[in-house]
Amino acid sequence: MKIAHEKLILENIEWKEFKISEIFEIHTGALIHQKDIKVGTIPRITATDFNNGVAFFTNYIKHKNFRTLENFISISFLGSVFYQPKKVSLDMKIHGIKAKNKEFNHYLALFLIPLIKKFTFKYCYGYQLSTSVLKNQKLLLPVDSTGNPNWEFMENYMKNIEKAHLEKITAYYHAKLKQINNGGGVIFTLDEYRDFIHQDELKNIQWKEFVIGEIFEIQATINGIDKNKLNGKKGDYPYVTRSDKTNGIDDFIAMQDAYKFNKSNVITIGLDTQTAFYQNSPFYTGQNIQILKYKEINKHNALFIIITLKKLMKKFSWGGNGATLTRLKRGKILLPVDSTGNPNWEFMENYMKNIELQKIQKLIKYYQEKYLL
């Protein structure tokens with residue numbers, strides 16, 4: 001069904017209160033002993049608040065307590081709520097609700113889950129959500145002319161919200177395409193890209209070994225800050241540590257008067273954790289972070305360099321080959337070279353640009369074909 005583009009206003013429709021038991025089937029899981037569980041492909045829903053409620057994957061168990069359900073909303077006795085599109089197994093005290101007279105889908109679930117959470121937030125180990133209590137919980141829902149839940153409105157409302165978000169996402173990625181090519185739009189179509197970039201392309205250029213300390217300036221960060229000594233204020237400055245997640249950023253903090261921040265357009269390195277990231281804005285760091293600088297560095301060739309640095313750092317250890325700044329400076333990496341024998345910064349930049357372009361084009365194509373056309 002083609003979705004109307006006019007804005008749907010929640011305040012302009014009629015609402016009515018329903019008991020959960022009036023409009024939903026209610027199912028509840030049961031206990032399976034750990035000794036009977038083996039690793040399999042069926043998600044086991046427990047009271048965890050993470051990973052959509054999935055704690056592990058189990059095999060099929062021929063037992064009356066092995067209860068499965070699909071295309072429903074799971075509600076734990078502690079109040080976590082998730083949509084489960086595929087068949088899953090329900091642990092003890094995990095409830096599942098399905099609409100009685102409507103085929104469920106993720107749009108309806110997205111509309112209902114925030115409403116369900118309005119009453120589930122209060123449950124905990126000392127005050128658990130039982131099946132009998134769940135039956136009598138009430139939801140305020142949009143209704144149609146017959147006074148029944150207006151499932152069509154709820155579904156279309158969430159589709160329109162999703163469509164608006166996806167239009168913003170695709171607009172963002174279209175702008176990224178132009179930005180990558182300095183305002184010139186797409187460098188290659190996907191087919192042209194496949195002809196241009198492949199593994200053999202790297203083999204067909206000349207490579208040379210470089211001592212890192214001879215081509216890069218490497219220094220310890222300025223006044224690495226122990227996390228306990230931060231002033232506690234949130235702000236816009238990344239606080240970069242040796243974490244291997246989220247570009248090494250542990251937090252965003254306010255200016256720290258007692259410390260100097262580090263300038264942008266550099267690579268940060270945590271030798272002992274073998275982490276390396278490009279930093280595109282001024283930042284503070286934790287302790288034991290090194291900074292790699294060079295006038296030719298930018299986001300794209302830095303991503304190329306980081307791959308070679310990580311290969312080198314895998315050789316470091318805390319034994320005889322300890323991860324130290326001196327050993328990093330003496331380390332050697334292979335880089336593409338130009339006709340003069342110097343690092344071919346342009347090739348490295350364009351190579352990574354085109355990898356990024358391919359990913360962006362695939363994203364745009366996916367969103368347009370699946371949601372927007």
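Which residue in S14 is the bridge partner of tyrosine 239? In this predicted model, where residues are numbered from 1 along each chain as its sequence is written, local features need pLDDT of at least 70, side-chain atom pairs count only at pLDDT 80 or more, and totals for chains, interfaces and linings use all residues. Side-chain values use heavy atoms, with hydrogens and water left out.

The partner of tyrosine 239 is aspartate 251. Strands S13 (residues 234-240) and S14 run antiparallel and are joined by 5 bridges; two strands pair if DSSP finds at least two bridges between them. Helices (H or I, at least four residues) and strands (E, at least two) are DSSP runs, numbered from the N terminus. The order S14-S13-S17 describes an open sheet of 3 strands with mixed pairing, and its edge strands, S14 (249-253) and S17 (284-285), each pair on one side only.

Strand S9 (94-99) offers another set of pairings. Antiparallel to S9 run S2 (residues 24-28), through 5 bridges, and S6, through 4 bridges. Glutamate 25 stands opposite lysine 98, while isoleucine 75 has histidine 95 as its bridge partner. Of the 6 residues of S9, 5 are buried (under 20% relative accessible area, 1.4 Å probe, protein chains only; exposed is over 50%, partly exposed in between).

The largest nonpolar core (buried Ala, Val, Leu, Ile, Met, Phe, Trp, Tyr and Cys residues joined through side-chain atoms within 4.5 Å) has 31 residues. Helix H2 (106-120) supplies its largest share, 9 residues. Isoleucine 116, among the residues with the most contacts inside this core, touches Ile73, Ile75, Val81, Ile97 and Leu139, not counting residues up to four places away in sequence; contact means heavy atoms within 4.5 Å.
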